[in-house]
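Biologist: Could you take a close look at one part for me, the nonpolar packing, and walk me through it?

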Amino acid sequence: LSLFQLEHFSARLAYVAAEGELKQPFKDELPTRQAQLSTLQDTEEFDVLVVGGGATGSGCALDAVTRNLKTALVERNDFSSGTSSRSTKLIHGGVRYLQKAIMKLDYEQYMMVKEALHERSNLLDIAPHLSAPLPIMLPVYKWWQLPYYWAGIKMYDLVAGGQCLKSSYVLSKNKALELFPMLKKDKLVGAIVYYDGQHNDARMNLAIALTAARHGAAIANYTEVVHLLKKTDAGTGKEKVCGARCRDVITGNEFDVRAKCVINATGPFTDSLRKMDDGKNTNICQPSAGVHIVIPGYYSPDNMGLLDPATSDGRVIFFLPWEKMTIAGTTDTPTDITAHPIPREEDINFILNEVRNYLSPDVEVRRGDVLAAWSGIRPLVTDPNSKDTQSICRNHIVNVSDSGLVTIAGGKWTTYRSMAEETLDAAVAAHRLGGGPSKTVGLVLEGGQDWSPTLYIRLVQDYGLENEVAQHLAATYGGKAFDVAKMARVTGKRWPIVGNRLVSEFPYIESEVRYAVKEYACTAIDVIARRTRLGFLNVQAADEALPRIVDIMGKMLDWSDKKRTEELEAAKKFLYLEMGYRSRSEQLTGTTEITLDTQEVANSVLIDRYTNRFHKFDKDSKGFITTVDVQRVLQNISVQIDENALHEILNEVDLNKNGQVELNEFLQLMSAVKKGQVSDSRLAILMKTAEESLDLRGPVTVDRSGGGV
């Protein structure tokens, strides 16, 4: 056996041994959220109460419950609602950290990379449906950089050892352009390709939490800690943390959860809980905002990422295919701690400018192609145990306070499992909990047990799902995809037999909303952001899907009309502020530079052309057009478009939401389209095509290919 095979075999043996010892009381059916809340309230005392449902908190709950410790977890929002769902979607050791380790002969940083590479291998193994190796290209534009970068990347392979995903390799200029044709050709010398992992971060976080629940952990989202419970230790006379007063955010009901040990895994909100423990504690979290953008998939090859190792201000930018789109990021800017971070326009433009530097001039990188944008808060920390409390800790810290509160802070997504193991080791030692060693290496996560690369074929054959939908379900739910398929309704069409899409361009289907409720989704935001990833991929499409999502959830959760309206408005606000939808409105309302500038206004021919185009639809000279006007013109050119689709098309431009598009709105739209600030507006394309030929024989294309924000 090779070293890699031996390590892989050992991990599988460890898993098989662990499986023999582990109990799965909820293997067949997860308890409802209400049942979980009842368990939290009725249990006399837990061994461990974890506060925080991100990757690290969920990892702590899974580690604890698989040690046979009585485990509880509470999260004040939804699982993965914070930083854990807003990452670069990479499972990686950190090429740049290795570079620093070598340049500075820093052993600690070297060990951090080695640990992350081990965890990368484990994570790819335990959740094969949610993760996969991804080749990443590092383009080289100076001859001397080729051996320098090659040596660094080969060292990365070497540190991974037997857990190297695939060996890195060098490409000639021609081969690099063949694999990444969008790349800038000028001065390109060649490229180096190395491998890291990629995953669906929010779904991975959820899989960890659900696996903990399957093994018996009592977990509840939308349950916040009001204050910590304390009692006086009889031996020392000191106050010790013994649980938390919790509140169900949805109902307002408050209750106590008692536990021998409380773990603080709240990410950027670490200091809030530390100060609940002791008001004199100083802040250790130094938050940094990382912005990402999503642009159409045609900006990158289907299976090749790009790394910009040295941006104009020294940052690192990744440019990666993800969920058939392209994700670019990230920035690194000091920020305030907030539960609702908003992507800044200057950060979006910074990323776009860096992308332009690496892509061919033939590829016009337009602001209007940004389909979604988000900001995540990275919880950098200082070590409270260190004499130099101002120095940022490069890894993570585990701290046990005088009152027994265990805090885990910092770190990275990839190392969530080892961080959880270290945290539980500290908790077990500090509180004498027993339970034995960690059993999470090789422990397959929710959906991974019955997954295979060809599982989607069975979904197509057994249920009559579209091929694309079946592939999506298999890659999202793994072996649990059959449960989602069983809930799918008949379409009434010849094909597909079942599986009504929420929006036509994406493979998300209505039964996923029903299944999301079983996965503890409580709001429409939970569905568009974390159970599906529609809000992260295209905010406009997510906005269009919201009414149907709210309707389905409303029936399942017995929502009143008032509650349905509140859910719709909250989800729209989330898309508007946190997912970048606001930017689109600003581009069209003239609150930014996207207006008809002096040069354009002077060009009366251009203005006249746009105005005449508008009046071809506004036959009655009302000053605005409605769906009736558009429908009338389309009938003249023998084009049929569904009325609901027409409403959606006009709604993209109808900024004051009065059901009509005024001349001024249309002129602003055309200005924004001309400048590249809005791309592929369906209304602009439709009206231009109609103007060019009123006796057009074929259909007018109105599918959204960009529709950016």
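Modeller: Here's the packing, starting inside and ending at the surface. This is a predicted model, so to speak of local features I need pLDDT of at least 70, and side-chain atom pairs count only at pLDDT 80 or more, while totals for chains, interfaces and linings use all residues. Residues are numbered from 1 along each chain as its sequence is written, and side-chain values use heavy atoms, with hydrogens and water left out.

The largest nonpolar core has 61 residues; a core here is a set of buried Ala, Val, Leu, Ile, Met, Phe, Trp, Tyr and Cys residues joined through side-chain atoms within 4.5 Å, buried being under 20% relative accessible area, exposed over 50% and partly exposed in between (1.4 Å probe, protein chains only). Among those with the most contacts inside it are Phe506, Leu534 and Met553. Helix 18 (residues 539-557) is the top contributor, giving 9 residues to this core; helices are DSSP runs of H or I, at least four residues, numbered from the N terminus. A second, separate core has 46 residues, including Val50 and Ile91.

Zooming in on Leu534: leaving aside residues up to four places away in sequence, Leu534 touches Val503, Phe506, Tyr508, Ile528, Ala541, Ala542 and Ala545, with contact meaning heavy atoms within 4.5 Å.

Out on the surface, Ile102, Met155 and Leu158 make a nonpolar patch, together about 270 Å² of accessible area (Shrake-Rupley, 1.4 Å probe, only the protein chains shown counting as cover for residues). Patch members have over 30% relative accessible area and no salt bridge (a Lys or Arg side-chain nitrogen within 4 Å of an Asp or Glu carboxyl oxygen), and nonpolar side chains are joined within 5 Å. Met155 sits in helix 6 (residues 145-160) and is partly exposed, at 32% relative accessible area.

Terms used:
Helices (H or I, at least four residues) and strands (E, at least two) are DSSP runs, numbered from the N terminus. Patches are made of residues with over 30% relative accessible area and no salt bridge: like charges are joined within 9 Å, nonpolar side chains (Val, Leu, Ile, Met, Phe, Trp, Tyr) within 5 Å.
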